[in-house]
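Hi,

Here is the structure I promised to pass on. Have a look at it first, and then read on for what turned up.

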Amino acid sequence: MGRFENPAERERKKGRPYRIAIVLAIIVFILLAPEVHSGRSMDPTISDGDVLVVTKSRYSAKRDAPEHGKLVILEKTLSLDAGAKDNIIARVIAVPGDTVEIRNGKVLVNGEEYIAKDGIKGSKGYFKSTRLKGNQVFLLSDNRSIKTYDSRNPDVGLVDMREIKGNVLLRIWPLNKISFMGNK
């Protein structure tokens with residue numbers, strides 16, 4: 001700062017950090033959202049009460065499909081529980097063009113056993129071999145003993161990827177479990 005600096009210029013410089021903070025807050029609000037997970041459907045990956053940050057991402061056949069293994073979030077309106085307080089979180093197992101099947105305790109995608117990067121595998125029940133079309137994705141909970149909120153439940157079935165409202169980006173609570181959740 002020079003001693004001959006204009007007072008108006010000095011005031012403008014003082015306000016710059018606040019303007020930058022406001023712009024960043026607006027961008028974060030548009031792109032990210034907090035989410036508190038409720039229930040045991042995603043154990044052991046995500047526990048009841050974990051606070052997550054989700055990106056607001058949309059998918060369709062005209063855009064790229066979500067990646068295999070991506071943790072996605074669906075609107076609670078898709079929940080079969082009329083009193084659901086929380087959105088649905090599940091893992092993308094198969095995308096358009098894939099063939100998915102559950103047989104003999106194994107999840108098969110395109111004839112190969114699907115094992116998540118963190119080692120979660122298998123599933124109870126049976127799902128007949130189905131080739132996904134258009135906007136369809138096959139979702140599973142990580143706690144494979146709970147099928148209420150995933151594609152094994154005939155009332156949920158194959159999910160239109162346009163129903164995906166975002167991706168789980170990171171866990172921020174509890175503090176001892178802060179972690180990037182990207183593509184587990």
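**Salt bridges and the rest**

The count of salt bridges comes to six. Bear in mind as you read that this is a predicted model.

Three of those pairs are worth a look on your screen. Arginine 40 and aspartate 43 meet through their side chains in a salt bridge, at 3.3 Å from N to O. How exposed is each partner? Arginine 40 has 46% relative accessibility, so it counts as partly exposed. Aspartate 43 has a relative accessible area of 19%, and because buried means under 20%, it falls on the buried side.

Next comes the pair of aspartate 150 and arginine 152, whose side chains form a salt bridge at 2.8 Å, N to O. Here aspartate 150 is buried, and arginine 152 is buried too.

The third pair joins arginine 162 to aspartate 160, with 2.6 Å from N to O. Arginine 162 is partly exposed, its relative accessible area being 47%. Aspartate 160 counts as partly exposed as well, at 25% relative accessibility. As background, side chains of opposite charge can pair when their charged atoms come close.

Now for the overall layout. The protein has one helix and twelve strands, and along the sequence the helix comes before the strands, in the pattern α-β-β-β-β-β-β-β-β-β-β-β-β. Of its 184 residues, 41% count as buried. If you take the contacts between residues at least 6 apart in sequence, 61% of them join residues at least 24 apart. The accessible surface is about 10,700 Å², and carbon and sulfur atoms account for 56% of that.

The helix, α1, covers residues 7–31, and leucine 31 is found in it. Leucine 31 also belongs to a nonpolar patch on the surface, together with Ile20, Ile22, Val23, Leu24, Ile26, Ile27, Phe29 and Ile30. Between them these residues have about 900 Å² of accessible area.

What about the inside? In soluble globular proteins, nonpolar side chains tend to be buried together. The largest nonpolar core here has 13 residues, and Ile93, Val100 and Phe138 are the ones that touch the most other members. Four strands each supply at least two residues of this core: β4 (88–94), β5 (99–103), β6 (106–109) and β9 (136–140). Another core, of twelve residues, lies apart from it, and includes Ala90, Leu139, Val159 and Met161.

Valine 100 is a good place to centre your view. Which residues is valine 100 in contact with, leaving aside its neighbours within four places in sequence? They are Ala94, Leu108, Val109, Phe127, Lys128, Ser129, Thr130, Leu132 and Phe138.

Last, the sheet. One open sheet has four strands in the order β7-β6-β5-β8, with antiparallel pairing. Which strands sit at the edges? They are β7 (112–113) and β8 (127–131), each of which pairs on one side only. The pairing of β6 with β7 is antiparallel and runs over two bridges. To find it, look for valine 109, which stands opposite glutamate 112 in β7. Valine 109 is also one of the contacts of valine 100, which makes a handy link back to the core view.

Cheers

Key. Residues numbered from 1 in each chain as written. Predicted model: local features only at pLDDT ≥ 70, side-chain atom pairs only at ≥ 80, totals over all residues. Heavy atoms only, no water. Core = buried A, V, L, I, M, F, W, Y, C linked by side-chain atoms within 4.5 Å. Buried < 20%, exposed > 50% of the residue type's maximum accessible area, 1.4 Å probe, protein only. Contact = heavy atoms within 4.5 Å. Areas by Shrake-Rupley, 256 points an atom, 1.4 Å probe, with all protein chains shown as cover. Patch = residues over 30% accessible without salt bridge, like charges linked within 9 Å, V, L, I, M, F, W, Y side chains within 5 Å. Salt bridge = Lys/Arg side-chain N within 4 Å of Asp/Glu carboxyl O. Pairing = 2+ DSSP bridges.
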